[in-house]
Amino acid sequence: MKSRAISKWIPWVGLLSVTLGSHAGAWGEEGHQIVGTIAMTRLTPQARAAIIELLGNDDLAKAGLWADQIRGDSKYDWAKPLHYVNAPRNENSIVLERDCAKGECVVGAITRFLAVATDSTKPIEERREALKFAIHFIGDLHQPLHAGYADDMGGNRIQVIAFGDMKTNLHALWDSVLIHHKSQGDWRGLAKALETDMPPKEVAQWEGNLDPLVWGNESRAITRVIYSDLPADAKIGQQYYESNFPTVARRLAAGGVRLAAALNKTFAAYKPAIKNDDRAVSPVRSSTDSPADKPADKPADKPAQQPAPIPIVIPAVVPAPVSAP
Ligand code: ADE
Ligand code: ZN
Ligand code: ZN
């Protein structure tokens with residue numbers, strides 16, 4: 001990790017010290033929304049059009065949450081191992097044959113789902129879900145502990161106490177707690193600050209590396225540092241936050257930049273299936289997902305679910321690409 005560069009471009013760490021409420025989840029809702037928000041500002045018009053066609057809107061912050069919202073639905077149990085990649089403790093790097101057999105890990109899933117999202121031979125619902133999975137998993141893979149160790153479930157089994165009295169675990173600390181300690185719930189503000197402070201050289205480096213295996217190995221390297229720097233008494237205080245938040249910030253920023261770059265590349269040759277005029281549903285930003293089973297600890301700062309979500313009716317009307325070259 002280049003901690004020198006990190007501390008230079010995040011000048012505002014360490015300003016807050018309020019104890020958190022009970023936010024926990026995967027890269028957490030705030031993390032995924034920040035990644036999606038950063039990505040949204042960087043889409044090419046073509047990628048944006050393709051995303052609107054598939055999702056009904058270009059709200060990547062919201063789309064990135066779906067893969068966690070369906071976790072309680074047994075229909076999607078097959079997707080549970082796709083949120084992470086683990087490698088043995090003594091290994092520095094991920095080896096796909098060993099750690100991601102048959103592409104059954106977050107690294108393989110990203111490539112596969114991006115391909116499905118643009119595959120016009122697939123049913124539209126499958127493509128839509130594939131896009132939402134890909135958006136979420138690109139975020140996940142930038143959370144260092146999503147490239148962790150199987151024996152403690154990526155740090156989920158390591159109990160820590162944060163900021164005096166908050167019982168949590170190492171994974172949740174990095175998914176949510178450190179982010180929330182900074183944002184205090186204003187994830188939009190934090191996304192904006194990250195966008196503003198991104199150094200162009202780092203951005204170019206992130207964009208130049210669009211191989212999910214590289215992202216996973218970056219996370220893996222950070223994971224090793226996280227374990228070696230873990231306080232023996234498992235007490236996480238302001239000092240830990242101040243020295244580690246720059247890494248969190250950098251991974252969120254890299255995740256957002258790469259999400260946009262990956263989508264821009266994926267949809268670069270994408271031909272819209274329907275003209276805007278023929279669109280069945282206009283691309284408004286509204287709640288279009290069905291409210292899936294949510295864990296009981298759903299954060300309270302979310303807007304109320306709409307009672308009867310309007311289904312997107314996009315390309316029932318997509319013409320089958322029979323004559324496409
Ligand atoms: N479950 C098992 N390993 C995990 C990891 N690295 N991240 C999240 N959940 C996990
Ligand atoms: Zn997680
Ligand atoms: Zn996840």
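Is D186 buried, partly exposed or exposed, and how many C-beta neighbours does D186 have inside 10 Å? In this predicted model, D186 has 14 C-beta neighbours inside 10 Å and therefore counts as partly exposed, since a residue is classed as buried only from 20 upwards and as exposed at 12 or fewer. D186 sits in the loop that joins α9 (170-183) to α10 (187-197). Its C-alpha atom is separated by 8.6 Å from that of E30, although the two residues are 156 positions apart along the chain.

The chain as a whole has 325 residues, of which 45% count as buried. Its secondary structure consists of 13 helices and five strands. Among contacts with a sequence separation of 6 or more, 78% are between residues 24 or more positions apart.

The largest nonpolar core contains 74 residues. Within this core, V106, I110, A134 and F137 touch the most other members. Helix α13 (residues 238-266) supplies the largest share, 13 residues. For F137, the contacts beyond four places in sequence are L82, H83, V106, A109, I110 and F113. V106 and I110 thus appear both among the core members that touch the most others and among the contacts of F137.

V106, A109, I110 and F113 are also among the buried residues of α7, together with V107, G108, L114 and A117. Helix α7 covers residues 106-117, and its 12 residues should span 16 Å at 1.5 Å a residue; the end C-alpha atoms are 16 Å apart, so the expected and modelled spans agree. The buried residues of α7 pack against five helices and a strand, namely α3 (45-55), α6 (96-99), α8, α12 and α13, and β1 (85-86).

Helix α13 is mostly covered, with 23 of its 29 residues buried. At 1.5 Å a residue, these 29 residues should span 42 Å, and the 41 Å between the end C-alpha atoms agrees with this. The helix nevertheless has a kink of about 40 degrees at N244, shortly before the proline P246. V257 also belongs to α13. This residue counts as buried because it has 24 C-beta neighbours inside 10 Å. Leaving aside neighbours within four places in sequence, V257 is in contact with I38, R42, V203, W206 and E207. The C-alpha atoms of V257 and L43 are separated by 9.5 Å, with their positions 214 residues apart along the chain.

H142 is part of helix α8 (residues 124-142). With 29 other C-beta atoms within 10 Å, H142 is buried. Its contacts, not counting residues up to four places away in sequence, are W215, S219, R251, A254 and G255. The C-alpha atom of H142 is separated by 7.0 Å from that of L252, a residue 110 positions away along the chain. Helix α12 (residues 212-228) includes I222. I222 is likewise buried, with 22 other C-beta atoms within 10 Å. The C-alpha atoms of I222 and Q143 are separated by 9.2 Å, and the two residues are 79 positions apart along the chain.

The residues around ligand 1 are H83, Y84, N86, L145, H146, G148, A150, M153, G154 and N156. By class, this shell has four nonpolar and six polar residues, and no charged residues. One of the residues around the ligand, M153, has a positive phi of about 55 degrees although it is not a glycine. Most residues other than glycine have a negative phi. M153 is placed in the loop between β2 (147-148) and β3 (159-162). Its 15 C-beta neighbours inside 10 Å make M153 partly exposed, because this count lies between the limits for exposed and buried residues.

A positive phi is also found at F163, where the angle is about 50 degrees and the residue is not a glycine. F163 lies in the loop between β3 and β4 (166-169). With 18 other C-beta atoms within 10 Å, F163 is partly exposed.

How values were computed: Residues numbered from 1 in each chain as written. Chains lettered and ligands numbered in written order. Predicted model: local features only at pLDDT ≥ 70, side-chain atom pairs only at ≥ 80, totals over all residues. Core = buried A, V, L, I, M, F, W, Y, C linked by C-beta atoms within 7 Å. Helix = DSSP H or I, 4+ residues; strand = E, 2+ residues; numbered from the N terminus. Contact = placed C-beta atoms within 7 Å. Near = placed C-beta within 6 Å. Nonpolar A, V, L, I, M, F, W, Y, C, P; charged D, E, K, R; others polar. Expected span 1.5 Å × (residues − 1). Bend = angle between axes of the 7 residues up to and from the residue.
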